[in-house]
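Me: I am new to this structure and would like to learn how its descriptions are justified. Please take me through the reasoning step by step.

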Amino acid sequence: MHYSLAEIADKIGATVNGDDTITVSSLATLTDAKTGQIAFLANSKYRQQLENTQASAVIITEDCVTDCPTNALVMTNPYMGYALVAQLLNTTPAPANEIHSSAVIADDANLGANVCIGANAVIESGVQLADNVTIGAGCFIGKNAIIGSNTSLWANVTIYHEVVIGSQCLIQANTVIGSDGFGYAPQNGQWHKIPQLGSVIIGDRVEIGASTTIDRGALGNTEIKDGVILDNQIQIAHNVVIGENTAMAACSVIAGSSVIGKNCTIAGLVGINGHIKVTDNCVFTGMAMVTKSIKEGGVYSSGIPVSPNKDWRKMNVRLRKLDTMAKQIANLEKQLTQFTANVSEKEE
């Protein structure tokens, strides 16, 4: 694939400063780019790399043009420009290109136009695959599951029975959607399984990373709304609801029956307790532990940043003494109050 700068500028909404007939075929960083490649500058701390780049073109903002030694595609948001060019020059193969002869497809499965199913995939009874759905090798699509148009699943994804997935979704390898939630009733020292009778409903334009698990609801449904993006190795428990356009990074977890609002950002290793509500527009930084409902949007943190082991050990020792210190301070305050009262009496 080769595109002229004029073609790229038209597709990403940029203005060319230089020769718009120059063609590029791939993306690279400012330091690694060679002739025939395009780079971008979206973070000012890398601006010093601009003057020595060998790229045929760079996506930059207007204020960087004078420092650019090569052709420039000028726009207000170079990072978005990078995303659009990456889509244009994407060389990722499709998860499947045909209906493979080894795929096992139930007779009553309903397949739309241009559906592709990879080797050894299993499509069970009652499944509905809309137009342009792509199912990768080794996937399992359970009974009566529904997958919307232009949705793609990479290899070995498991979709349990009656799960509903919207249009234009992308699900990475080894993800499991619709597995049982963690429901058990204790009695006489034993755990008794509670069958999970709900399902999972996923909206449109949702992307889910590799090896992520989304449990089905116990009675109602687990719901992932339109535009949500989930990273790799995330756990979403039963009956969780995640609002539109919320983003969640790797290894974070949400316990059962919690409701997450719209446009939230959840960083890596965040833990969100069960049966709580998080309002719209919340940001949780890495390793935050959310134990109660959040009613006001904003940035929340609780993870402890790394420090040298020697300093951490000292801090931990002092932490264990906090209760004793608190009692000592309370006693001193009491003594000070009594002393002040005695002085006042003498002065009178």
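Reply: A residue is called buried under 20% relative accessible area, exposed over 50%, and partly exposed in between. The structure shown is a predicted model.

Me: Why is R47 called partly exposed?

Reply: R47 has a relative accessible area of 29%. Because partly exposed covers values between 20% and 50%, R47 is placed in that class.

Me: What makes D63 and R47 a salt bridge?

Reply: A salt bridge requires a side-chain nitrogen of Lys or Arg within 4 Å of a carboxyl oxygen of Asp or Glu. For the side chains of D63 and R47 the distance is 3.3 Å, N to O. The pair therefore meets the cut-off. D63 lies in the loop between β6 (57-60) and β7 (71-74), while R47 lies in the loop between β5 (37-40) and β6, 16 residues apart. D63 is partly exposed, at 48% relative accessible area.

Me: How do you know that D67 also forms a salt bridge with R47?

Reply: The distance between the side chains of D67 and R47 is 2.7 Å, N to O, and the cut-off is 4 Å. The pair therefore counts as a salt bridge. D67 is in the loop between β6 and β7 and R47 in the loop between β5 and β6, so this bridge ties together parts that are 20 residues apart in sequence. With a relative accessible area of 36%, D67 is partly exposed. R47, D63 and D67 are thus described as linked in a network of salt bridges.

Me: What makes D180 and K193 a salt bridge?

Reply: The N to O distance between the side chains of D180 and K193 is 3.0 Å, and a salt bridge is a contact within 4 Å. D180 lies in the loop between β20 and β21 (184-187) and K193 in strand β22 (residues 190-193), so the pair ties together parts that are 13 residues apart in sequence. D180 counts as partly exposed at 35%, and K193 is partly exposed at 44%.

Me: How many salt bridges does the structure hold?

Reply: The structure holds five salt bridges.

Me: Why is R318 called exposed?

Reply: R318 has 56% relative accessibility. Exposed means over 50%, so R318 falls in that class. R318 lies in helix α3 (residues 309-320) and belongs to a surface patch of positive charge with K310, R313, K314, R320 and K321.

Me: How do you know that β17 and β20 pair?

Reply: Pairing needs at least two bridges between two strands. Two bridges join β17 (residues 158-159) to β20 (residues 176-179), and these strands run parallel. The bridge partner of T158 in β20 is V176. Strand β20 also pairs with β25 (residues 213-215) in the parallel sense over three bridges, where S179 stands opposite D215.

Me: What makes β10 and β38 edge strands?

Reply: In an open sheet, 10 strands follow the order β10-β13-β16-β19-β24-β27-β30-β33-β36-β38, with parallel pairing. β10 (116-117) and β38 (298-300) each have a single partner strand, so one side of each is left without a neighbour in the sheet.

Me: Which strand pairs with β27 over two bridges?

Reply: Strand β27 (residues 229-230) pairs with strand β30 (residues 247-248) in the parallel sense over two bridges. In this pair, I229 stands opposite A247.

Technical notes
Residues numbered from 1 in each chain as written. Predicted model: local features only at pLDDT ≥ 70, side-chain atom pairs only at ≥ 80, totals over all residues. Heavy atoms only, no water. Helix = DSSP H or I, 4+ residues; strand = E, 2+ residues; numbered from the N terminus. Patch = residues over 30% accessible without salt bridge, like charges linked within 9 Å, V, L, I, M, F, W, Y side chains within 5 Å. Areas by Shrake-Rupley, 256 points an atom, 1.4 Å probe, with all protein chains shown as cover. Lys, Arg positive; Asp, Glu negative; His and termini not counted. Charge placed at Lys NZ, Arg CZ, Asp CG, Glu CD. Buried < 20%, exposed > 50% of the residue type's maximum accessible area, 1.4 Å probe, protein only.
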